[in-house]
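Hi,

Here is the structure I promised to pass on to you. Have a look at it first, and then read on for what turned up in it.

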Amino acid sequence: MIELITTPSSLGLRPLTPGHEPGAWRAPQALLDAGLADRLGARHVTTLDHPDYDFEAQPLTRLRNGHGLRAYSMIIAEVVGTALAAGRFPLVVGGDCANLLGCLAGARRDGRCGLVHLDGHNDFFHPNNYDTAARLGSAAGMDLALATGRGEPLLTHWPIIGTPLVADADVVQLGDRETDVPAEQDHWAMVEDSAIVCFTTQQILRHGIETTSARTLDRLSERGLDRVWLHLDVDILDEAVMPAVDSPGAPGLDFAQLTELLGRLAADERVIGADVGIYDPELDPDRLYSGPIADALGEGFAARR
């Protein structure tokens, strides 16, 4: 049974224009207006508030909206934990990718949890690969790094759990279009020499959704995981079919491929919940994409109704 949890936050994103909060926080309402709850068959809907966005650097952190993100993540953790305790499948719809932190913090209350990270980028910025003094870190571009314990304790160390939220070797990253391996090589790519394994967009398109899904599930079995969280950034879609995101790109999946990938992964009973983010309705004034996203989610998570 799906519990739809809406998290209208853009705290983890940089402003696209000076003084204007990124519009991803509007995505939950746009998707609800497109009939998402009905498509999911969600009988439980929990709506969180839209948190205040701070354009200035905050004290004692080089993370954009760092203190607000910490507080919002704790709220998400509570509602995700409550949904799981009630035997429901939490589907957290944002908003931006930083919502992943609260989701994992909620899931980890019951022990070890792996992560399947569907994203057109690996979101692995951290203090060892960019200059923290030169710019504020935006958590939406570093959620995987933060989840695996890389970065400030403000967003890497959590009550009861400690750090990290997920071990490197318990992560499968699917869809990074900026890192590829030669076509003649079939093995997993590695994310910056960590134990995180990655099936790039190019590999997904070469091998197909069925093979990609099977290899992902096999990896979870190799790791002995019985609980896994699923993260989806819709910029895994090709910019030709999904331009309404902050960092569109190509190559990417089409909606049919995304729907099939979600369906094959979400049908596995080890997947206990999911979060979705980065659609920006302000970049889609005619709402051309909210319906297709809602359709993909409704069909992709049909097994969890």
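The largest pocket holds about 500 Å³ of space. This is a predicted model, so local features need pLDDT of at least 70 and side-chain atom pairs count only at pLDDT 80 or more, while totals for chains, interfaces and linings use all residues. Residues are numbered from 1 along each chain as its sequence is written, and side-chain values use heavy atoms, with hydrogens and water left out.

Back to that pocket: 30 residues line it, and the closest to its centre are His-121, Asp-123, Phe-125, Ala-140 and Gly-141. By class, its lining has 11 nonpolar, nine polar and 10 charged residues. (Ala, Val, Leu, Ile, Met, Phe, Trp, Tyr, Cys and Pro count as nonpolar, Asp, Glu, Lys and Arg as charged, and the others, Gly among them, as polar.) A pocket here is an open set of points on a 1 Å grid over the protein atoms alone, with protein on both sides within 12 Å along at least five of seven lines; a cavity is a set of points where a 1.4 Å probe fits but cannot get out, and lining residues have an atom within 4 Å of a point. Grid points are joined across faces, edges and corners, and a volume is the space filled by probe spheres set on them.

The second largest pocket has about 170 Å³. Helix α1 (residues 27-33) gives the largest share of its lining, five residues. Among the residues around this second pocket are Trp-25, Arg-26, His-50 and Arg-287. Its lining comprises five nonpolar, four polar and three charged residues.

There is also one cavity of 30 Å³ or more, and the largest cavity has a volume of about 40 Å³. Its lining includes Leu-13, Arg-14, Asp-246, Ile-278 and Asp-280, and divides into five nonpolar, one polar and three charged residues.

Phe-125, one of the residues closest to the centre of the largest pocket, also forms an aromatic pair with Tyr-130. There are three such pairs in the structure (ring centres of Phe, Tyr or Trp, the last by its six-membered ring, within 6.5 Å; planes under 30 degrees apart are stacked, over 60 edge-to-face, the rest tilted). Phe-125 and Tyr-130 meet edge-to-face, 6.2 Å centre to centre with 85° between the planes. Phe-125 is partly exposed at 42% relative accessible area, whereas Tyr-130 is buried at 12%. (Buried means under 20%, exposed over 50%, partly exposed in between, with a 1.4 Å probe and protein chains only.)

How many disulfides are there? The count is zero, taking a disulfide as two cysteine sulfur atoms within 2.5 Å. For Cys-97, the nearest cysteine sulfur is that of Cys-103, 11 Å away; for Cys-113, the nearest is also that of Cys-103, at 10 Å. Cys-97 is buried at 1% relative accessible area, and Cys-113 is buried at 2%.

Cys-103 sits in helix α4 (residues 99-107) and is buried there, as are nine of the helix's nine residues. Helices (H or I, at least four residues) and strands (E, at least two) are DSSP runs, numbered from the N terminus.

Finally, nine strands form an open, mixed sheet in the order β2-β1-β3-β9-β8-β4-β5-β7-β6, where strands pair if DSSP finds at least two bridges between them. β2 (44-47) and β6 (189-190) stand at the edges with a single partner strand each, so one side of each has no neighbour in the sheet. Strands β4 (residues 114-118) and β8 (residues 228-233) run parallel, joined by five bridges; in one of them, Gly-114 of β4 partners Val-228.

Best wishes
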